[in-house]
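Me: I have a structure in front of me and would like to learn how to read it. Where should I begin?

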Amino acid sequence: MATQRSNAARLRQAEGRADAPSRRPAAERPSHPDAVIEFRGVTKSYDHSNAGVRDATFSVHRGDFLFLVGQTGAGKSTLMKLLLKEMEPDSGLIRVAGRDLSEITRKKVPYYRRNLGVVFQDFKLLPNRTVYDNVAYALQVTGASRKQIRQQVPDILRLTGLSTKLHHYPHQLSGGEQQRVSVARAFVNHPPLLLADEPTGNLDPDTTIGIMQLLYRINKTGSTVVVATHDEGMVNRMRRRVIELQGGQIIRDEVAGGYGAQPTSESTAEFGALLRGEPAPAPQRRVRRDPDAADLFDEAFSE
Amino acid sequence: MNRVSFFLKEALRSIGRNPIPSFAALMAVLITTLVLGIFIPAVQLANGAAADVRDRIQVNVFMKTNATQADVARVRARLERTEHVKDVVYVSKAQAYAEQKKQNPEAYDLLGNVNPLPDTFRITPDDANNGSAIIAALQTKGVNGKTTPVDPKIGSTKESKNQAAKVVQITGAVKLSLGLLGGLLVVASILLISNTIRLSLFSRRREVEVMKLVGATDSFIRWPFVLEGLILGTIGGVMAIVLLGLAKLTILNQLEGVATLISRPDMIQFGPLIAVLVLASIGVAAAGSGLSLRRFLRV
């Protein structure tokens, strides 16, 4: 087990030297042991006629911002559930951070999930806890000390623009604000991977942009972000990698708008402008920051 | 320590947020404990009463009314020699008359000064089951199958078994019906508790689902619920015990002088009874919440 891990680390190092960001379609891309998410021939069907996901193969790299698009029932949520290990694939291999999910025992699943931030369409907040307590719960679960909680929760709430709503209950907030709480909870542990399943499905266009900007900001801290959505218009404007599903099969895996056009980095404001379909404001190029400690999965679940 | 206080806070918060299901669970524990608290001593009482009656089984030997002092002395010697006889008490005509007259003065007033009662020996057998053996020993079988007493002056020999058997039967029936009733009530209470806990869990299944999604381990989710059950069980149990204590003080202690049956020396003491009840109520509550949780944790 220990040698396996050090091997993986060595491979990761080697890859870091050799690998310039290669944004080719997944099918041609060689499978990298350090890909944050790797699906190989994954099939999951609910019954004979109804395929959840059929033979899905793709990988997602560290720091990527990936859209999963497709109509209702296309298999987006199935993919999310497979990643959360809420269910098991019928066949195929899923690796997250190089770790085969089928090797994680039921008992270790909670520790695995602490490395994922999850955002849902229906927010899934605890209804009888305040904004502060909802976010703090994600830390309490990991056994964080009271001091840690008192430091981290206000920080993340400031980042998500909820500083004034600390003691409100979810039902006292607007949909957009509830989703911000949900994002704050997902990100308070600084997970290397953030999954959002239709995060803006219940929100109006303006609020949607706010939430997407928030997710983008999180992506810029180094977290890999996967967003499932059926809002294709928004996705096409954003020029990010898109995987489109139909009837459980991947029918498209590319960067919307063409690879050449993709900027390496843009500010949150530029990102928001893209979303609105406006011409981008004067570009303020920034050096892509190096991944920091938050990018690396902690080893807790690989024990 | 941090964690324990967190769990405790969570449990109290959940009781406060769901006052009605919590109250129902508390009542269920209270009722179960009350039932057990009444049922355990009641069964013991019935058992004790039956044992008492069994001890009282006697063989009565009635002399003929014309028996003389010499006859009495001879029969007494004979009786004392008989097997299985533990004790012989002689009750003379006059004593029997006085006894009966005291119990039923009107009937004896009607009789005037006539004493219809014979001299009697009351024999206590060494064991309740040996009464009939004594009777058999005091009789000889004639050729025609008729039995005659071993002494011509013995009128008849009877075991007071008929009445005894009746008492034993009645206490048995009481015991059985109490047992059935108690059993039914306990089963009903357990169902009520598990149902209450299941309901309160069902109303919080979304919460449990969210907890699992943010990476809470099963035990992290379970502990507040189990603690909640423990707190409710303890409160319910203590309330039931206070009620039982009040009942003992106000009813049983008053009756003790009147009905000796109610307090028996071998009956369970109040202290141990309380210990049993506390353990039962807490155990039932904890087991109930723990078991109900198992299903819901498989998200």
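Reply: Begin with the charged pairs that join the chains. This is a predicted model, and between chain A and chain B there are six salt bridges.

Me: Which residue of chain B forms a salt bridge with Asp133(A)?

Reply: Arg13(B) does, with the closest N and O atoms 3.8 Å apart. That separation counts because the cut-off for a salt bridge is 4 Å.

Me: How many residues does each chain bring to the contact?

Reply: Chain A brings 27 residues and chain B brings 22 residues. The area buried between the two chains is about 2,200 Å², with 49% of it from carbon and sulfur atoms. Six residue pairs are in polar contact across the interface.

Me: Which elements of chain A give two or more residues to the side that touches chain B?

Reply: They are helix 3 (109-113), strand 6 (116-120) and helix 4 (131-141). Helix 4 gives the largest share, five residues. By type, this side of chain A has 12 nonpolar, five polar and 10 charged residues.

Me: How is empty space inside a model found?

Reply: A probe the size of a water molecule is rolled over the atoms, and this shows where space is left empty. Here the search finds three cavities of 30 Å³ or more. The second largest holds about 100 Å³.

Me: What lines the second largest cavity?

Reply: Residues of both chains do, including Phe120(A), Ala138(A), Leu213(B) and Val214(B). Strand 6 of chain A supplies the largest share of the lining, four residues. The lining divides into seven nonpolar, two polar and three charged residues.

Terms used. Residues numbered from 1 in each chain as written. Chains lettered and ligands numbered in written order. Predicted model: local features only at pLDDT ≥ 70, side-chain atom pairs only at ≥ 80, totals over all residues. Heavy atoms only, no water. Contact = heavy atoms within 4.5 Å. Buried area = accessible area lost by both parts, 1.4 Å probe. Salt bridge = Lys/Arg side-chain N within 4 Å of Asp/Glu carboxyl O. Polar contact = N/O pair within 3.5 Å; in protein donor to acceptor, adjacent residues only side chain to side chain. Nonpolar A, V, L, I, M, F, W, Y, C, P; charged D, E, K, R; others polar. 1 Å grid on protein atoms, 1.4 Å probe; cavity = no way out; pocket = protein on both sides within 12 Å on 5 of 7 lines; lining within 4 Å. Points joined across faces, edges and corners; volume = space filled by probe spheres on them.
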